[in-house]
Each structure stands twice: as C-alpha cells, then as structure tokens.
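Biologist: Before I take any label on trust, I would like to hear how each one is earned. Could we go through them one by one?

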Amino acid sequence: MGALPVFRWRLAPDGYATRRQLRARGLRPGGQPVVAQLERPRRRRGPLVAYLYRVDLAKPVRPMTPARRAALAKANAARRTCPQCRRDAGYVIPASTGTCALCTYLDASDSLRST
C-alpha cells in the first residue's frame with residue numbers, strides 16, 4: 001500500500017472528514033480505512049496530524065440502547081464517587097488527588113498538624 005495523500009490544514013477536498021466531523025453529522029467511519037491525512041505545521045515539534053475518512057462510506061452512529069445507557073451512567077457514577085468517604089462528589093474525581101476536594105483538604109490539614 002502506498003503512502004496516504006497529505007493535505008494542508010483546512011484544505012482537504014469535499015467528501016473527506018475527520019472522526020469528529022463525522023460524529024457531528026451523526027456518522028461513524030464504519031470500519032473503513034484511513035484514506036488521507038491533514039497536517040498542521042507547528043514551530044517546535046512535528047506537524048499535528050488528523051486522519052480523514054470518506055463521508056460516502058461512513059455509516060450512521062448506532063443508537064444508544066437502554067443497557068448501554070445504564071452501563072454508561074454506572075461508570076460515570078463510579079468516577080464521581082470518592083473512594084475515601086464514599087460520597088458522590090458531583091464531579092469527576094481528579095486522578096491527581098484520587099479523592100474529593102473535601103477529603104484532599106482534610107488530609108492536607110491533618111498532615112500540617114502532625115508536623
């Protein structure tokens with residue numbers, strides 16, 4: 001297989017789209033291979049690359065089933081639950097701290113008192 005055609009940023013011909021552009025139209029690549037790529041030059045690093053797919057071969061996004069919706073809700077609830085106090089924080093617990101803001105603050109103040 002030869003090299004992919006490369007287009008400059010914002011200069012791709014009609015009929016090609018990135019994954020995000022397909023998703024915005026309610027489509028998905030549907031197993032088709034990457035047919036081209038976009039390159040956006042950057043000053044200090046290599047170019048930023050985006051892969052393109054053919055719009056005419058794209059398939060509609062599969063509808064959300066009740067089971068998938070329930071599984072997604074359960075996974076999101078687990079990301080919001082603090083492992084230390086077991087409460088729903090109302091936001092996704094940051095990986096950097098691993099606990100909710102209240103538990104992080106209480107742990108920091110406890111460590112300050114012990115020194």
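Modeller: A salt bridge here is a side-chain nitrogen of Lys or Arg within 4 Å of a carboxyl oxygen of Asp or Glu. A search of the whole structure with that rule finds two. This is a predicted model, in which local features need pLDDT of at least 70 and side-chain atom pairs count only at pLDDT 80 or more, whereas totals for chains, interfaces and linings use all residues. Residues are numbered from 1 along each chain as its sequence is written, and side-chain values use heavy atoms, with hydrogens and water left out.

Biologist: What makes the meeting of R54 and D56 a salt bridge?

Modeller: The side chains of R54 and D56 meet at 2.7 Å, N to O, and the rule asks for within 4 Å, so the pair is called a salt bridge. The side chains of D88 and R80 form a salt bridge as well, with an N to O distance of 3.3 Å.

Biologist: Why is D56 called exposed?

Modeller: Buried means under 20% relative accessible area, exposed means over 50%, and partly exposed lies in between, with a 1.4 Å probe and protein chains only. D56 has 55% relative accessibility and therefore counts as exposed, while its partner R54, at 32%, is partly exposed. In the other salt bridge, D88 has a relative accessible area of 48% and is partly exposed, and R80, at 25%, is partly exposed too.

Biologist: How do you know that β2 pairs with β5?

Modeller: Strands are DSSP runs (E, at least two residues), numbered from the N terminus, and two strands pair if DSSP finds at least two bridges between them. Two bridges join β2 to β5 (residues 48-54), so the pair meets that rule, and the strands run antiparallel. In these contacts between strands, A17 has Y53 as its bridge partner in β5, and Y16 stands opposite R54. Strand β4 (residues 36-40) is joined to β5 by five bridges, also antiparallel, and Q37 has Y51 as its bridge partner.

Biologist: What is the order of the strands in the open sheet?

Modeller: The order of the four strands is β1-β4-β5-β2, with mixed pairing. The edge strands are β1 (6-8) and β2 (16-17), because each pairs on one side only.

Biologist: What makes up the largest nonpolar core?

Modeller: Such a core is a set of buried Ala, Val, Leu, Ile, Met, Phe, Trp, Tyr and Cys residues joined through side-chain atoms within 4.5 Å. The largest one has six residues, namely A17, L22, L27, Y53, V55 and A58.
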